[in-house]
Amino acid sequence: MRLSAYPIPNLKELPAEAEVVSHQLMLRAGLIRRLSAGLYTWLPMGLRVLRKVERIIREEMDRAGALEVLMPTIQPAELWQESGRWDQFGPELLRLKDRHERGFVYGPTHEEVITDIARRELKSYRQLPVNFYQIQLKFRDEIRPRFGVMRAREFIMKDAYSFHLDDASLEAGYRAMYDAYTRIFSRMGLKFRAVLADPGAIGGTGSQEFHVLAASGEDAIAFSDGDDYAANIEKAEALPPPGPRPAPSSARATVPTPHVRTIAELAALLQVPAARCVKTLIVDGADGGLVALVIRGDHELNAVKAQGLEAVASPLRMAAPERIARELGAQIGFLGPLGLPCPVIADHSALALADFVCGANEPDAHLTGVNWGRDLPEPAAADLRNVVDGDPSPTGRGHLSIARGIEVGHVFKLGRKYSEALDATVLDEQGKSVAMLMGCYGIGVTRVVAAAIEQNHDERGIIWPEPLAPFDVVLVPINFQKSARVREASERLYAEFTAAGLEVLLDDRDARPGVKFADAELYGIPHRVVIGERGLDAGRLEYRHRRATDSEEFALADAIAFLQSRRAR
């Protein structure tokens, strides 16, 4: 491509709407343009990257034996009502009606559609296992779309769905997709981790997420330094502290704490560590009552773990302050587990404390020297908290570290959640009708592009991993319009590189060298070749890799061999 013919200008100013680096750089480099909140047009430079992501995905999905299909984005409401997700999915599901007042949804995912296909087309166990995939637009009506294409309302996803007769087949299909995803993200040149995860709204019996590691990642992931254990923070198990709880050594006392409502304020006032305090959180119970959840003051409640408890309502809901005051006679900020007329569940680490500090359930007061068993009954115990740096690994090998990640892929064992709801059955070897087992496997195609930038950039712009770069090499001629020799050499190299299978961007604009160099770095193209009269006099060209800080020279006669050797590194 010739840059002089490219009509989309770079943005010189940092876009005010862009909060994260990938959004800023994608707008500045002319990869995308905003149409409306959460809706983006992919421009030619960005689309080249997007298509490279799609090509790698297709090649590995085909290699794994999956069959490509293309399903409609608009789906009948009846399918979602049949599966039960019409009411369960929530306001992210865009509902609409046609001219005949028939209900439809703009698909955020395609479990219902593919299961409908399966129940119509798959009749015998001999047709199994099978895996269908597509690369298709999705729409989720995010309440606050942000971060550019990272959390847009409309996006492109690769979603695959497998069908199986038994658990062994599902496990094999799941492993095949896990391996395919590992190859996909490795081929893209991304640093990633696969982590245990919560299935969320998709449902199912087990799942793993693939995260691109980046400091700007929305998700916290925990991984062990002793083995390959890794899990989303929502899923990572916090082990009970080893050893018995210390014996009480202090008498319980009430201390005035006016206007103190946070653990940080309480710890500062009483000059005790936050780890010696406990937080009491009141949530709605599954039976309509209230439940008290107690965690250590320096820990955070894990909502996924909490709502998984039988006594707690799902989804997790914090009780209203008015209800707490009415039924418990206490105020938020001064709550404690002592004397509560509702079930109390304590995290293992909170249960291991002796002589702890908690709310007194009366205004402007806390208790010190409180002990389980002596001052209040032993509560039910559960894992309620997020793991933290240094926690022992659940596997018993090593300790956990916390990193930030951007979720780009997710694999699920759906089981029979959708096949039973939609009556998708086949006849087994005995001629008995059985509901098929299903797997579900997604990759956020547009999100991969943004995640790659979040992981690969510097103060000058994007640094594309070579497999995703819009072009392999950018040719930067100096005085292209004024020097016939430079123009002739540039055109010859452009033709030779293209004939050798390289994707070439020729910066033939009438612009200063500094502008061309800055734009080449902004675009993030891996290899830059500079052509100037002085170099041509010596039969040399100047080369710099996008990640390098220094340039080097090479022989003009060896241009193709030299560049191919650098690409092979």
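**Exercise 1. Helix packing**

Task: State the handedness of the crossing of H2 and H12, then describe its geometry and the residues that make the contact.

Solution. The crossing of H2 and H12 is right-handed, and the model in which it is found is a predicted one. As a next step, take the two quantities by which packed helices are described, namely the angle between the axes and the distance between them. For helix H2 (residues 44–63) and helix H12 (residues 445–455), the axes come within 9 Å and cross at roughly 115°. Turning to the residues, H2 contributes Val49, Leu50, Val53, Glu54 and Ile57 to the contact, while H12 contributes Val445, Thr446, Val448 and Val449. Sorted by character, the residues of this contact comprise 7 nonpolar, 1 polar and 1 charged.

**Exercise 2. Salt bridges and the parts they link**

Task: How many salt bridges does the structure hold, and which parts of the chain are linked by the pair Lys12 and Asp519?

Solution. The structure holds 49 salt bridges. One of them joins Lys12 to Asp519, with the closest N and O atoms 3.9 Å apart. This pair links distant parts of the chain, since Lys12 belongs to the segment before helix H1 (21–28) and Asp519 to helix H14 (residues 513–523), and the two are 507 residues apart. The partners can then be placed by accessibility: Lys12, with a relative accessible area of 61%, is exposed because the value is over 50%, whereas Asp519, with a relative accessible area of 5%, is buried because the value is under 20%.

Task: Are Lys305 and Asp383 buried or exposed, and where in the chain does each lie?

Solution. Begin with the pairing itself, in which the side chains of Lys305 and Asp383 meet in a salt bridge at 2.9 Å, N to O. Lys305 lies in helix H8 (residues 303–307), and Asp383 lies in the loop between strand E19 (380–382) and strand E20 (400–415), so that the pair links distant parts of the chain, 78 residues apart. As for their surroundings, Lys305 and Asp383 are both buried.

Task: Which residues are linked with Glu59 in a network of salt bridges?

Solution. The network of salt bridges that contains Glu59 also links Glu60, Arg63, Arg183 and Arg187.

**Exercise 3. Aromatic pairs**

Task: How many aromatic pairs does the structure hold, and why is the pair of Tyr181 and Phe185 edge-to-face?

Solution. The structure holds 12 aromatic pairs. For Tyr181 and Phe185, the ring centres are 6.2 Å apart and the planes stand at 90°, and because this angle is over 60 degrees the pair counts as edge-to-face. The next step is their place in the chain: Tyr181 and Phe185 are 4 residues apart in helix H6 (residues 167–187), which means that they are separated by about one helical turn. Tyr181 is buried, at 0% relative accessibility, and Phe185 is likewise buried, with a relative accessible area of 0%.

The pair of Phe554 and Phe562 is stacked, with 4.1 Å from centre to centre and 5° between the planes. Phe554 counts as buried at 4% relative accessibility, and Phe562 counts as buried at 12%.

Task: Into which cluster do ring pairs link Tyr181 and Phe185?

Solution. Ring pairs link Tyr181 and Phe185 into a cluster with Tyr178, Phe192 and Phe210.

**Exercise 4. The setting of Gly285**

Task: Where does Gly285 lie, and which residues does Gly285 touch when those up to four places away in sequence are not counted?

Solution. Gly285 is found in the loop between strand E14 (278–284) and strand E15 (290–296). With a relative accessible area of 4%, Gly285 is buried. Leaving out residues up to four places away in sequence, Gly285 touches Leu290, Val291, Ala311, Val312 and Ala313. Phe147, by comparison, is 138 residues away from Gly285 in sequence and 35 Å away in space, C-alpha to C-alpha.

**Exercise 5. The chain as a whole**

Task: What do the secondary structure, the burial and the contacts of the chain come to?

Solution. The chain has 16 helices and 30 strands. Its C-alpha atoms fill a box of roughly 90 × 70 × 50 Å, taken along the principal axes. Of its 569 residues, 52% count as buried. Finally, among the contacts in the chain with a separation of 6 or more, 69% are between residues 24 or more positions apart.

Terms used: Residues are numbered from 1 along each chain as its sequence is written. This is a predicted model: local features need pLDDT of at least 70, side-chain atom pairs count only at pLDDT 80 or more; totals for chains, interfaces and linings use all residues. Side-chain values use heavy atoms; hydrogens and water are left out. Axes are lines fitted to C-alpha atoms, for helices over the stretch in contact, and angles run from 0 to 180 degrees between N-to-C directions. A crossing is left-handed if the near helix is turned anticlockwise from the far one by less than a right angle, and right-handed if clockwise. Contact means heavy atoms within 4.5 Å. Ala, Val, Leu, Ile, Met, Phe, Trp, Tyr, Cys and Pro count as nonpolar, Asp, Glu, Lys and Arg as charged, and the others, Gly among them, as polar. A salt bridge is a side-chain nitrogen of Lys or Arg within 4 Å of a carboxyl oxygen of Asp or Glu. Buried means under 20% relative accessible area, exposed over 50%, partly exposed in between (1.4 Å probe, protein chains only). Rings of Phe, Tyr and Trp (its six-membered ring) pair if their centres lie within 6.5 Å; planes under 30 degrees apart count as stacked, over 60 as edge-to-face and the rest as tilted.
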